Amino acid sequence: METVTIPAELEAYWKQLDCGFPRVAEVFPDCMREALASLSKQGVEDYIENARFLGKMGRGAEPILIFLEEWPAVARTPGEDALPDIMEFIRKMWKSPNGKAITPFLQSLPVTIRRLHTRERLRDYLAIALDLMERTTSSIHGIHQTFPSPGLPEMFRQVPVLLGQLSLTGLKNWVDYGVRYYSGHPERQIDYFGLQSADSRAVLQRERHGTLLADNERKLDMYLRGLWNEEDHLIPYSSAFDELRQPVPYYDKLGIRLPDVYDDFIPSTPVSTTTVRPEPVEGLCGSTGSPRTDERVLGIDRYRAVLAHVAAHRRWTTAIYADNMSPFQRMAAEFFEDSRVEYLAMREYPGLRHIFMALHPAPAEDACDVEHESGVRHRLAMLSRAILDPGHPYRSPHIIEFVQRFHALLDNSESGTQAMADLAVAFIAKTRLKSDNFANTHFKDTVVDYRDDNRQMWKFIEEGDEEEAFDEPRKIEPGEELKGLPPRHYHEWDYLNQSYRPDWVSVYESLHPSGNASDIDKLLAKHAGLAKRLKKMLDLLKPQDKVRIRYQEEGSELDLDVALRSLIDYRSGATPDPRINMSHKTSGRNIAVMLLLDLSESLNEKAAGSEQTVLELSQEAVSLLGWAIEKLGDPFAIAGFHSNTRHDVRYLHIKGYSEQWGDEVKGRLAAMDASYSTRMGAAMRHAAHYLEKQQADKKLMLILTDGEPADIDSKDGRILIEDARQAVKELDRQGIYTYCINLDPKADEYVADIFGKQYTVIDNIQRLPERLPQLFISLTK
Amino acid sequence: MTNKDQYRILKEPFYRAQSDEVALYEAAYAARLPVMVKGPTGCGKSRFIEYMAWKLDKPLITVACNEDMTASDLVGRYLLDASGTRWLDGPLTVAARIGAICYLDEIVEARQDTTVVIHPLTDHRRTLPLDKKGELVSAHPDFQMVISYNPGYQSLLKDLKQSTKQRFTAFDFDYPEAGVETEILSKETGIEAGLAAQLVKIGQAARNLKGHGLDEGISTRLLVYAATLIKAGVAPRAACRVALVRPITDDADIRDTLDHAIDAVFA
């Protein structure tokens, strides 16, 4: 093996480093020279000292190599004095069983430091990492710190991505979430911190900075509808995980694809623009306006820019054949066409100009070295800028000529896609350079990120023998048959964290299977006596439409009794009562009711002191109640629910608001069946989204249950109780009054926690069929 | 006898015909057929009736209907005075007596039982029984019944009975098309056509949102308000916000979108 000789002047340092790894010796001289050039004297001492420690740590050559190579460059950003913090952290890892994480940590360090800038922020970051390490390093049966943290190395691997999108607070929340839910589950912890699990990405999304599409979908939908008279689905794609090749907005028949988040656009620092760009020449192409609006563009306006661009394409672009054009010609045609539709859009809405101007890059004319790199993109970006910006600084005669030709075509006309393609072909021919075919393309400042990928602009005579076939644009999507409704996701409240777990519960809605309707009629017949008594109460409750209001100063008619009395008073010299009119008002009853039935396994138990199961009694009670409400004429719906973990909450539709209380509904009621567990909060939220849409003065949700909220995937019993309580609060805010009828004699322990005072516990379950309608009547009196 | 002249329209109101509605109305009046004008708020229904009353030189009695309005508010009622009770004609009775055009604005706002009192006046009988007074008023030969009705906020509760609907000839109104509306704005307020066209564009953006958070788009009336403010020297953006956006919505998302539309139109 070849030995590497250490130059004489570095011999002393080499000795001090005392390192036997041959790979270190290879790079040592170069690293050391850089260190000597950039570090202070003390800094060099520390450099060697700490490198020596890393080399002796017993973790192979990797840590010392990374450190030797990276530190001199890194030290410039936060300063050399950050080194003790870092080394202290490494020592802590080394002493704990987490030594394996040292290499990923060191690997991520340069990027991390570049993102964090200051020593203070670095310290905060190390504290977060330390916290993660301590909380996930597990011990069993009191043996101190036996197992290394599974998540820590994963986190270090992801940290460059994470810090690109999260603030430190966001990172902390993300780490906290992972530690809290996955500390007892090493595999899932790795998935979480490796950004593999859906949860992890969801929490990341929640903590992100920037303008989220999800939060602004309604606004953007209105924008499209209002200003462009278009409607389409806005479909987000993730911009978080593709660092190398950022996806571009596009649209197809399924909808408009947009990035899920846009940060506010901050124009690059004026320093770079003023130094790189030549001063605009006076008199040339009449540079009057400001050459570049150096202003911030809000995230929402960036979305609007994309939508305006897409809407303009949809309005003005007609697809043309691509087969006879070279890739350069097509690229040029796309640039021209983009400029054309934007030009037309700005004719419609002149205010778009300043957004487009701020977002469109302004490539410097001399930025591209045409001797060594291909300048096609650069030329086209300049041209596009020059069309957009009347005060552009470019002096190239070609650019000026084609800008003029473009404007001549569009003067008082809309021109067309084909005309742009012709112009593009001419432009490419005229400006062609030898270097255009170089593989090394000049990309800086040539990407206009609010433009789409123009896939709709092209059609092909010959199917796909070139380029990639974009997800088969001409394929007719088969009319997909809808089997059941897609799941709806609901948040779940986590009281420990005092926050919602995003999209935690999946609720599947389906029609309740049908049974024999006559069973319910038999039940009603059985309770005929009770029904008669109820009917009396119902008649009293029935809305009395017209009510006379007397003693009104203004009213529809004279109230003769009062009028005469006033007249007598008047004649006899006393002050007459002026309230001699009467009027009428209608007093209606306007309540929408939702009856939510807990159909969990426990309903199959026999009720205390009865031959019937709780389920059968509930069935009787609900039948009577349904009958009673129908008699009253209030709109009402019935649904049942049970759950089998958070992934499978079943919401069974029994009666909808628009359905009649007929055989179909009775049939479903007759087939009522009980199984699984009780995840109440999600079912309530789902039921509420129906009730909410009812137009009624009062909205009442009755929940009939026989036990506390529970599910087999929830170890902590409190969580689902607190979630249900939170659901009650949410419903209250939506103007829905919740009321619980609980059949569990021990319910007092928890039911008040969930429903406050809005509950009744029915101890004697046998009387349920009687009590339930009565309760309803007294609630709505 | 009531003074008829107070109900006359003396000056020609500005009205820009959208199609042949003027001739049709004249024909309907010639036969004394009752007329119903339908359309969204602020699209020129009332202005049209006013214009026709001026053109035909007939008195016009307008009643704005509301939820609390009762039949006696239309027909009349007994009042007390020193010597006992005194009958006071309601606006409908007055119109029938003097031969005016009686215009019930936003008739759906009135309760359904109230609107039934107009039935005998709107068919061949042309009479109005005052049951409380024991009088049967025969309508003056010039009398005509006109109602306006906004189908926009059609809910189950606010609709006309079929028996009421089927007594009228109906004119459908809508916001005028962009060119006509621009002309209306500049004629009515005197702003220049370019500015008027920009206002109309904003109006159209809002009208596209109808049914997606907005119950009604921006009406021509509001556009006139905005134009009036601009004419009075208010900056266009501020005028639009005050006159066009803030009145029609409290929804932050819509407000934001429309504010953006204003910025997009006024570069």
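Start by selecting chain B of this predicted model. Color it by secondary structure and you'll find eleven helices and nine strands. How much of chain B is buried? Buried residues make up 41% of its 267 residues. Now think about who touches whom along the chain: among contacts in chain B with a separation of 6 or more, 70% are between residues 24 or more positions apart.

**Stop 1: the sheet in chain B**

Keep chain B selected and show just the strands β2, β5, β8, β1 and β9. In that order, these five strands of chain B form an open sheet, and the pairing is parallel. Which strands sit at the edges? Look for β2 (60-64) and β9 (169-172) of chain B, each of which pairs on one side only. Turn the sheet a little and follow the twist, which averages 20° from one strand to the next.

Next, zoom in on one edge. Select β2(B) together with strand β5 (residues 101-105) of chain B: the two run parallel and are joined by five bridges. To see one pair of bridge partners, click B:V63, then find B:L104 in β5(B).

Now add residues 91-98 of chain B. This is helix α4, which packs on the sheet and touches β2 and β5 of chain B. The direction of α4(B) makes about 165° with that of β2(B).

**Stop 2: where chain B touches chain A**

Bring chain A back into view. Here 21 residues of chain B are in contact with 20 residues of chain A. On the chain B side, select β3 (76-81), α8 (193-208) and α11 (252-265), the elements that give two or more residues to the side touching chain A. Which of them gives the most? That's α11(B), with nine residues. Try coloring this side of chain B by residue class: you'll get eleven nonpolar, seven polar and three charged residues.

**Stop 3: a helix pair in chain A**

Hide chain B and select two helices of chain A, α15 (residues 327-348) and α19 (residues 417-431). Their axes come within 8 Å and cross at roughly 130°, so α15(A) counts as oblique to α19(A). The crossing of α15(A) past α19(A) is right-handed.

Finish by showing side chains where the helices meet. On α15(A), pick residues including A:F328, A:A332, A:F336 and A:R340; on α19(A), the residues they meet include A:M420, A:L423, A:A424 and A:F427. Sorted by class, the contact between α15(A) and α19(A) has eleven nonpolar, two polar and two charged residues.

Definitions and conventions: Residues numbered from 1 in each chain as written. Chains lettered and ligands numbered in written order. Predicted model: local features only at pLDDT ≥ 70, side-chain atom pairs only at ≥ 80, totals over all residues. Pairing = 2+ DSSP bridges. Helix = DSSP H or I, 4+ residues; strand = E, 2+ residues; numbered from the N terminus. Axes fitted to C-alpha atoms, helices over the stretch in contact; angles between N-to-C directions. Contact = placed C-beta atoms within 7 Å. Nonpolar A, V, L, I, M, F, W, Y, C, P; charged D, E, K, R; others polar. Buried ≥ 20, exposed ≤ 12 C-beta atoms within 10 Å, placed from the backbone. Parallel < 35°, antiparallel > 145°, perpendicular 65-115°, else oblique. Left-handed = near helix turned anticlockwise from the far one by under 90°.
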